[in-house]
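Please look through the structure shown here. The paragraphs that follow take it one part at a time.

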Amino acid sequence: MRVAVIGGGPGGLYAAALLKRLDPARQVTVWERGAPDETFGFGVVLSDETLGGIAHADPVVHRALQDEFVRWDDIDIVHRGRTLTSGGHGFAALGRRRLLQLLHERCAALGVRLRFRTPAPPAAELAASHDLVIAADGVHSLTRQAHADAFGPRVTTHRCRYIWLAAGFAFDAFRFEIVETEHGVMQLHGYPYAPDASTVVIEMREEVWRAAGLDGCDEQQSTDRCAKFFADALGGRPLRSHNSAWTAFRTVVNERWSHGNTVLLGDAAHTAHFSIGSGTKLAVEDALALAACVGEQPDLSSALAAYEAERRPVVESTQRAAAASLRWFEELGTYLDQPPRQFAFNLLTRSRRVTHGNLRLRDPAFTDSVERAFGCPPATPPMFTPLRLRGLELRNRVVVSPMDMYSAVDGVPGDFHLVHLGARALGGAGLVMTEMVCVSAEGRITPGCAGLYTQEQASAWRRITDFVHDQAPGTAIGVQLGHSGRKGSTKLMWDGIDEPLPQGNWPLAAASPLPYRPGVNQIPHELNRSGLTEIREQFASAARAAVRSGFDLLELHCAHGYLLSGFLSPLTNRRTDAYGGLLENRLRFPLEVFDAVRAIWPDDRPMTVRISATDWARGGTTGADAVEIARAFAAHGADAIDVSTGQVVPGEQPEYGRSYQTPYADRIRNTLSVPVIAVGAISSWDDVNSLLLAGRADLCALARPHLYDPHWTLHAAAEQSYSGPAAPWPLPYLAGSRPPPTGRTDAPKPRLSLR
């Protein structure tokens, strides 16, 4: 096999070394356009997991790295003159030049041909003369650009500028330092990579960079000015540069990683923001996987497919974490007023890979101090602290999220709803929400949707609220009122979601005469003034019925493309009157409805509003719009904003992942100081505790976990050894408040050692 490697960075070099080591008969050549000691950056951080893979694949390289590493455990967070330290994290770093030197030596010893100061021939040319071409040519990969039609790249440029510099001393911890200048917020990311040297990355928003005049500075001027901005962190010492330049981070994603016998590796295939220290790590792990797959698979095509299948899920998970970290630093200014310990915890858990649970394992004392500052009583997890909204005190922070059950008859909730909602109330949640309860028959999504527009329905709901209040005292029950708009008159979910009824359809109404799916769903009629008035009164009438039904909280559904959401989104509201156009006009009718309901709903009972904070579609609602929408509802008396996303247009492209909607709730809460409910792929009690302690949410709504386990909250309490007042077991269930015993898996420990 003849192998060509384009790019002499750590990933390309290590792939070359491994392929040659696994089969010395292979002819492996690396092309690197720079000199052997020419590189960007200064230090490289590798994880224990990556080092374990290196140790298994090439003990020689592993031993060399072990001799060079600088190791430390602490992270220092410096914010407004105060330093908070968290320990137990475990880092290992070395100089990037030294890493390249070690890999050069290893490649040379194995017989890899290294061609420095030599641009590689085009990948297509190499592919014709080699069996395998590895494109490890970085974020600006010419190979990827030349074959963009095959790889399908998407490159996103982000909002911060950063520069790689170095200090002539070793920080004693990984250091995050934030300074607030007259130009705006700047941050330093620093870590040691040698006994006498540290990497220093300076980062700030583009507008801050320009306001500070750094866009007009040369390399030395930038270096000197950064040293002045962070003189306290550096102890007045200078910074140094090496081909350092300001740049904006680019996230690279490719639909495919291989094309014929050419394969992408490292930054050419994918990038992840430097704030989670993953670039070199991912490239080295790519090299390990590619070499293994080439050796294991019967042919090259199978090997490249196996390589991508193995690495893509890992890379995508890392990119999601890196994106969360990147966005956190982009929005750093919104967190500056958080209490010091909450700010530190928020920073440490920003990527969602570090959580309350594993931070407690790493540094119990630090985590205890964060909990005390949050207000947790002794031995009380954050999720079991109370929250007051007006006259309603929720005993814990867990919400059973609204979930359509499609099981009502003529809008009347029956025995199913009593058991469904009653079971979740007995299960310990602080607040149990109904499904979207429709304000009219024409406002239903399906024939199975529940309503609150007849006395029979109100009486049926009263039966349910009475059960919750009598049998699960301390649990609150809330009603979500809504109107389907253009998404109504469809089949039950399991018969065909969003598909129109085969017969018996009812007319639809919406902000504009736009069908949900052209050619599939019916065209709604555009509401005129009298229609708007009628629907507003339907909401008001339903609110009166909700009072009689005994609900503790009322939520107005302005999300997911239903009627009120349809007014808010520019994709579904094309009106030219006072209810369309600018956001303030699109807000007008939802706010009129809110005001009408708030006027009826008792003053001591809270009202919340669920919104779609983004449409996940070009030209739709954005995160910035969501802040303004939340601001408007809060100004009209909303006690909390329930922050969901999407489901507004069928062509949406959500960025799914764990807690993927939480950043929108976080932004609203920390911009407006308005309580928020986070919802969406929150599945573990560890995530709930983390979101609360970090100040990203005030309540956490969980849906599917409560379908899987109606007693999710009580089980979360038991698993955390909590038995306090925020999660009381119903007396008939008290005997089951501990996990049942299982068979023994341990064996008697040996006492004697015979020789």
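In this predicted model, three strands make up an open sheet in the order β3-β7-β4, and their pairing is antiparallel. Strands β3 (43–45) and β4 (70–72) lie at the edges; each has a single partner strand, so one side of each has no neighbour in the sheet. On average, neighbouring strands here are turned by 30° against each other, direction ignored. What holds paired strands together in general? Strands of a sheet pair through backbone hydrogen bonds, either parallel or antiparallel. The pairing of β3 with strand β7 (residues 91–95) is antiparallel and extends over 3 bridges. Within this pair, valine 44 is found opposite leucine 94 of β7.

A second sheet is a closed barrel. It has 8 strands, which run β20-β21-β22-β25-β26-β27-β28-β29, and the pairing is parallel. The average turn between neighbouring strands of the barrel is 25°, again with direction ignored. One pair can serve as an example: strand β26 (residues 607–612) and strand β27 (residues 640–644) are joined in the parallel sense by 5 bridges. Arginine 610 has aspartate 642 in β27 as its bridge partner.

Next come two helices. Two packed helices are described by the angle between their axes and the distance between the axes. For helix α17 (residues 455–471) and helix α19 (residues 529–549), the angle is about 40° and the axes are 8 Å apart. The crossing of α17 and α19 is right-handed. Which residues of the two helices meet? From α17 come Gln455, Ala458, Trp461, Arg462 and Thr465, and from α19 come Ala545, Val547, Arg548 and Ser549. Sorted by class, this contact has 4 nonpolar, 3 polar and 2 charged residues.

The last stop is a single residue, leucine 348, which belongs to helix α13 (residues 340–348). Is leucine 348 buried or exposed? Its relative accessible area is 6%, and because buried means under 20%, leucine 348 counts as buried. Which residues does leucine 348 contact, leaving aside its neighbours within four places in sequence? With those neighbours set aside, leucine 348 touches Ile75, Ile77, Ser86, His89, Val354, Leu359 and Phe366. Alanine 546 can be used to place leucine 348 along the chain: the two residues are 198 residues apart in sequence, and their C-alpha atoms are separated by 43 Å.

Note on methods:
Residues numbered from 1 in each chain as written. Predicted model: local features only at pLDDT ≥ 70, side-chain atom pairs only at ≥ 80, totals over all residues. Heavy atoms only, no water. Helix = DSSP H or I, 4+ residues; strand = E, 2+ residues; numbered from the N terminus. Buried < 20%, exposed > 50% of the residue type's maximum accessible area, 1.4 Å probe, protein only. Contact = heavy atoms within 4.5 Å. Pairing = 2+ DSSP bridges. Axes fitted to C-alpha atoms, helices over the stretch in contact; angles between N-to-C directions. Left-handed = near helix turned anticlockwise from the far one by under 90°. Nonpolar A, V, L, I, M, F, W, Y, C, P; charged D, E, K, R; others polar.
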